[in-house]
Amino acid sequence: MAGKTVKTEAIVLRSIRYGEADRILHCYSKTRGRFGAIAKGARKPKSRFGGRLEPFFRLDLMLHEGRSDLMTVTSATTVEGYPRLRSSGPALTAGARACDAVLRLLDAAEPNPPAYNLLCRYLALLDDPSEPRAADLTTALSFRLKLALVAGFAPELASCAHCGESDHLVGFSGAAGGVVCASCEAGSFPLDEEAHRFMVEALAQPLSEAPAAEQRALRQVERAIGETLEHHAHVQLRAAA
Ligand SMILES: [Zn+2]
């Protein structure tokens, strides 16, 4: 067989049934970024892949890279299976939304180690029984903000994204890419101080220490991230919760 062998560690973002017994995987790799692969015979009862070609699995993969856009999986061993994540409804939903956000935002075949590590950390938190807040909206939004940051689309939070003014920051503008002052608020939506503070603190603190905030502020945060990514990354995310 012409082509070359590729070895990489990756997380399965999406796994689709294909043909009679195959699977097509969308993966995010530590060393290659996004890639697609086909696992032939993966749905046969005695497949050597077992049940590990499913979303959230963190795997060591051996792949064959030929002329097709899809590589072929030749072997897969589990690095992390996150079994507790799989047994909790809210954690599954949060994990699925995180993988979907990575799929939409990081679609290039180039490595982004901070993005890879961020996704691993979030899945590990969702899998940790001593982290009951991991599946909450606060942690989901903290993940989204950090993901926007590592993808190069963090909103401007320190001063007006339009004129640079650092006081009277009353709104948020996705087009301007950040908070805006009272004189530049045209085209923005009102942003409570609490929502502004949440974003600043969430970006500064570890994922496991997402700040608390009221629903109203959290909805504003979700809208601020969503509109920033729509305008600047041309990506639409699904609802965070
Ligand atoms: Zn301004």
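**Figure 1. Helices H4 and H6 cross in a left-handed sense.** This close-up comes from a predicted model. Helix H6 covers residues 215–232, and its axis lies 11 Å from that of H4, at an angle of about 25°. Angles under 35 degrees count as roughly parallel, and H4 and H6 are therefore described as roughly parallel to each other. Which residues of H4 and H6 make the contact? On the H4 side, look for Leu-137, Thr-138, Leu-141, Arg-144, Leu-145 and Ala-148. Their partners on H6 are Gln-215, Leu-218, Arg-219, Val-221, Glu-222, Ile-225 and Leu-229. Sorted by class, the residues of this contact of H4 with H6 comprise 8 nonpolar, 2 polar and 3 charged.

**Figure 2. Helix H2 crosses H4 in a right-handed sense.** Here we meet H4 (residues 137–150) again, now with H2 (residues 89–105). The two axes come within 11 Å and cross at roughly 20°. That angle makes H2 roughly parallel to H4. From H2, the residues to find are Ala-98, Ala-101, Val-102 and Leu-105, and they meet Phe-143, Leu-147 and Ala-148 of H4. What classes of residue build the contact of H2 with H4? There are 7 nonpolar residues, with no polar and no charged ones. Try finding Ala-148 in both views: this H4 residue takes part in the contact with H2 and also in the contact with H6.

**Figure 3. Four cysteines hold a zinc ion.** Which atoms coordinate the zinc ion? The donors are the SG atoms of Cys-160, Cys-163, Cys-181 and Cys-184, at 2.3 Å. Along the sequence, these donor residues follow the spacing C-x2-C-x17-C-x2-C. Why is the arrangement called tetrahedral? The 4 donor atoms subtend angles of 105 to 116° around the zinc ion, and this makes the arrangement tetrahedral. For reference, the ideal angle for four tetrahedral donors is 109.5 degrees.

**Figure 4. The protein as a whole has 6 helices and 8 strands.** This last view helps you place the close-ups. Starting at the N terminus, the elements follow the order β-β-β-β-β-α-α-α-α-β-β-β-α-α. If you trace the chain yourself, you will pass five strands and then four helices, followed by three strands and finally two helices. How far does the C-alpha trace span along its principal axes? The span is about 65 × 40 × 25 Å.

Notes:
Residues are numbered from 1 along each chain as its sequence is written. This is a predicted model: local features need pLDDT of at least 70, side-chain atom pairs count only at pLDDT 80 or more; totals for chains, interfaces and linings use all residues. Side-chain values use heavy atoms; hydrogens and water are left out. Axes are lines fitted to C-alpha atoms, for helices over the stretch in contact, and angles run from 0 to 180 degrees between N-to-C directions. Angles under 35 degrees count as roughly parallel, over 145 as roughly antiparallel, 65 to 115 as roughly perpendicular and the rest as oblique. A crossing is left-handed if the near helix is turned anticlockwise from the far one by less than a right angle, and right-handed if clockwise. Contact means heavy atoms within 4.5 Å. Ala, Val, Leu, Ile, Met, Phe, Trp, Tyr, Cys and Pro count as nonpolar, Asp, Glu, Lys and Arg as charged, and the others, Gly among them, as polar. Donors are N, O and S atoms within 2.8 Å of the metal (3.2 Å for Na, K and Ca); water is not among the atoms, so sites may look incomplete. Four donors count as tetrahedral if all angles lie between 85 and 135 degrees; four count as square planar and six as octahedral if opposite donors are over 155 degrees apart and all others between 65 and 115; anything else is irregular.
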